[in-house]
Amino acid sequence: MVQPTSPRQLVVVGGGMVARRLVDALRSRDVDGRWAVTLLCEEPRAPYDRVALTSYFTGRDPDDLALGGQELWDDPLVTLRRGVAATSVDREARTVSTSDGRVVPYDSLVLATGSYAAVPPVPGKDLRGAFVYRTIDDVAGLRTYVESLRTEVGRPLRGAVVGGGLLGLEAAGALTALDVHTTVVEFAPRLMPLQVDEGGGEALRRLIEALGVTVRTGTATAKIVGRLGRVARMEFADGAPLDVDVVVFAVGVRPRDELARESGLEVGERGGVVVDDACATSDPAVWAVGEVACIGGRTLGLVAPGYTMAEIVADRLLGGEGTFPGADRSTKLKLLGVDVASFGDAFAAEPGGLEVVISDPVAGVYKKLVMSDDARTLRGGILVGDASAYAALRPMVGRALGADPAAYLLPEGAAPAPAGDLPDDASVCSCNNVTAGAIRCAVTDAGCTDLAGVKACTRAGTSCGSCLPLVKRLVTTELEKSGIEVSSALCEHFELSRAQLFDVVRVQGLTTFSEIIARHGTGRGCDICKPVIGSILASLGTGHILEGERASLQDTNDHVMANLQKDGSYSVVPRIPGGEVTPEGLIAIGEVAKDFGLYTKITGGQRIDLFGARIEQLPKIWKRLVDAGFESGHAYGKSLRTVKSCVGSTWCRYGVQDSVGLAIALELRYRGLRSPHKLKLGVSGCARECAEARGKDVGVIATDHGWNLYVGGNGGFTPRHAQLLAEDLDTETLVRTIDRFLMYYVRTADRLQRTAAWVEDHEGGLDAIRAVVLEDSLGIGADLDVAMAGHVDGYEDEWAAALDDPDTLRRFGSFVNAPDQPDDRLAYVSERGQPRPATETERADTGVLIAGTTLEVRR
């Protein structure tokens, strides 16, 4: 087939999630560059995650909602035009006119204009203080209004959300996050009437009201009354009034089909561009996807069917024959912290349905499965309060469960369906339309051997992430079927995993490597198991890391309690808790650096690194620093590094809490805590987030009512944003929660596993971890508290202890026969007034300074 000399032109109108998916899908498959894409995005920003819009209230940076990286927009065949709307379509000329006066030609056009928020014809809907909830700008406007009004009136605010569906409860969560007492007003007799039945709605209502939100169902809003031009009161059809300061309309959406109407395309009776099962409109050069598309006689307001449509159009543009398989209207959300899931024939609308229901009002749980009349085939279900079984149940819709249906609902019998029982065509990831067969092929055909590889290959679990536990089980099952042993063994010398070994050592009170390997391992150990056991023993507070045979377990850095540099010298990093240091402390560090000729640098962790120390100098340097009141910063260990902070309310006019004080307290509490990987914390004194807390393993952000706690963030090769674990905690609860999170991580994470990967791999993900540390779901909370208290009480500065031990100090010698002789292979040149390691070429230069020469010559 002869390819065209220049790519054909595809214009995509719309800048939402589905539009981005279409562009991404097309470019990932169009290896020959047959299509050049222009995306007209009416909003002033690139497509973002509208589903996670409420998370904007935990921080003010819209970039946090960005979908993917910049790579797609850097593609030379992709043009993203932000802040540009399509104003008309000339189908005969095949051009699109835009709001900036341009005319863009197309060979194919895709309408992905989405929908707009519907507003009922209620008198007063245009008053100041009345909002819709659809875009980042809507959310930003709501937040700005609430904050300014609270300052103006000087009292707590009252708000109302008109609509008790998915969007309404999201909006209620947003108002609650802004500390507005909220009432949800729903015309239907229950909340979320399209997703849950009467029993589920009642359970949801109890859970929502327990969070301080008032719920009024079966209520119609008659009008909104204003005062001074802004919202002041709502009046209902039954005559009852409600004083409010802000109203959010969240009654649904309507397709944005005006371009299609004006250009003469066929539209549905209730709106939406009519398309066939290939997502083609009445014009073969025009397609429609997402919420604007009317397919099968209806529009679909969920992102998963929109993603499917995007994939189909990408396939068709490249000559494929993809067709729409039908809408998966399954939903799993956490609304106001409450799990809600609905899938399949949730209302037993098909004849012959058998409902299996478990309702526990005390526990706040409602679960229902809809089965065929022989109780064998799953048709659908509703889960409220506990949706942990959703990932395993949803792919089984239309298939035999092979077990007592109640076993999937009862906590003690809620073992998920074996991954091996899922047929290849069962959808596992509805967001990205990935089947069980595709995941199996990623293992057997593409050679993926872990969850990260399968995610990269198939995109399963890369959107909402709810399917990850099931994906992981599928990968493990397929590896085992392929004859690949899936072992959690630490190494060839220990069949136990790190977490299992940690528990064995803890429970049996073992204190040496010799007795551990004698009881539970074989051989003499290796470079994998020795440092791990050294770390476990240090985590359990069994003694100094260089005491006795423990010294032989340490890796390069722990071996001398300093970080080895590329020229063979070491860095010295004294702890500076929270970045706070006295002038006397700064002078002491400066004098040490000057006297030993060290390179100094302030780090991103708010402390000072001293580079170029020789091994025999380390005890002398640390003697000076310890005498000045400093202690080890543990930059060499898999342990707590720093707790970064802004200045907080002490100095900053925006600060709402004392972030420095908390950062210092946390750093002093967790200093020396040995863990599977390094730990970094951050504390910000307000939502401006100057301490970058959400890029840390544990991040704390101040609120007017306490602290929000984030976990599982990191920089490095694969940067991760931390996820919200809990909100508005008082300081005592915050510290206890961090205690339990860290100690649970220390006990159960794999070797060299960062907290982000641990959270992702943990069965049940962050929700399960939240249940452990906040609700004590495993009954180990007291044990974790005691363990952390033991660490705090037993802390001893490693360098101060080493200076008091002659046996340890004998380790710090440059040569066995001449321990105080400088290593003459260390050579330096001066750059920007400080020494740095010389290159091979520079070593021949007479200006190079050799280690051991006097300070005057070196400088």
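These legends go with a few views of a predicted model.

**View 1. The whole chain, start to finish.** Here's the full predicted model, with 25 helices and 40 strands in the chain. Its C-alpha atoms fill a box of roughly 95 × 70 × 60 Å along the principal axes. The radius of gyration is 31 Å, which agrees with the value near 29 Å for a compact globule of 859 residues. Of those 859 residues, 52% count as buried.

**View 2. Contacts and surface of the chain.** Take the contacts with a separation of 6 or more: 61% of them come from residues 24 or more positions apart. As for the outside, the accessible surface comes to about 37,500 Å², and carbon and sulfur atoms hold 50% of that.

**View 3. A three-stranded open sheet.** The strands line up in the order E13-E14-E15, with antiparallel pairing. Strands E13 (221–227) and E15 (241–243) sit at the edges, each pairing on one side only. From one strand to the next, the twist averages 25°.

**View 4. Zooming in on E13 and E14.** Strand E14 covers residues 230–236 and runs antiparallel to E13, with six bridges joining the two. One bridge to pick out is Arg227 with its partner Arg230 in E14.

**View 5. Leu540, out in a loop.** You'll find Leu540 in the loop between helix H14 (529–539) and helix H15 (556–560). Leu540 counts as partly exposed because its relative accessibility is 29%, which falls between the 20% and 50% cut-offs. Leaving aside residues up to four places away in sequence, Leu540 touches Phe502, Val505 and Arg506. Leu510 is 30 residues from Leu540 in sequence, and their C-alpha atoms are 9.9 Å apart.

Technical notes. Residues are numbered from 1 along each chain as its sequence is written. This is a predicted model: local features need pLDDT of at least 70, side-chain atom pairs count only at pLDDT 80 or more; totals for chains, interfaces and linings use all residues. Side-chain values use heavy atoms; hydrogens and water are left out. Two strands pair if DSSP finds at least two bridges between them. Helices (H or I, at least four residues) and strands (E, at least two) are DSSP runs, numbered from the N terminus. Axes are lines fitted to C-alpha atoms, for helices over the stretch in contact, and angles run from 0 to 180 degrees between N-to-C directions. Buried means under 20% relative accessible area, exposed over 50%, partly exposed in between (1.4 Å probe, protein chains only). Contact means heavy atoms within 4.5 Å. The radius of gyration is taken over C-alpha atoms; the globule rule is 2.2 Å times the number of residues to the power 0.38. Accessible areas come from the Shrake-Rupley method with a 1.4 Å probe; for residues, only the protein chains shown count as cover.
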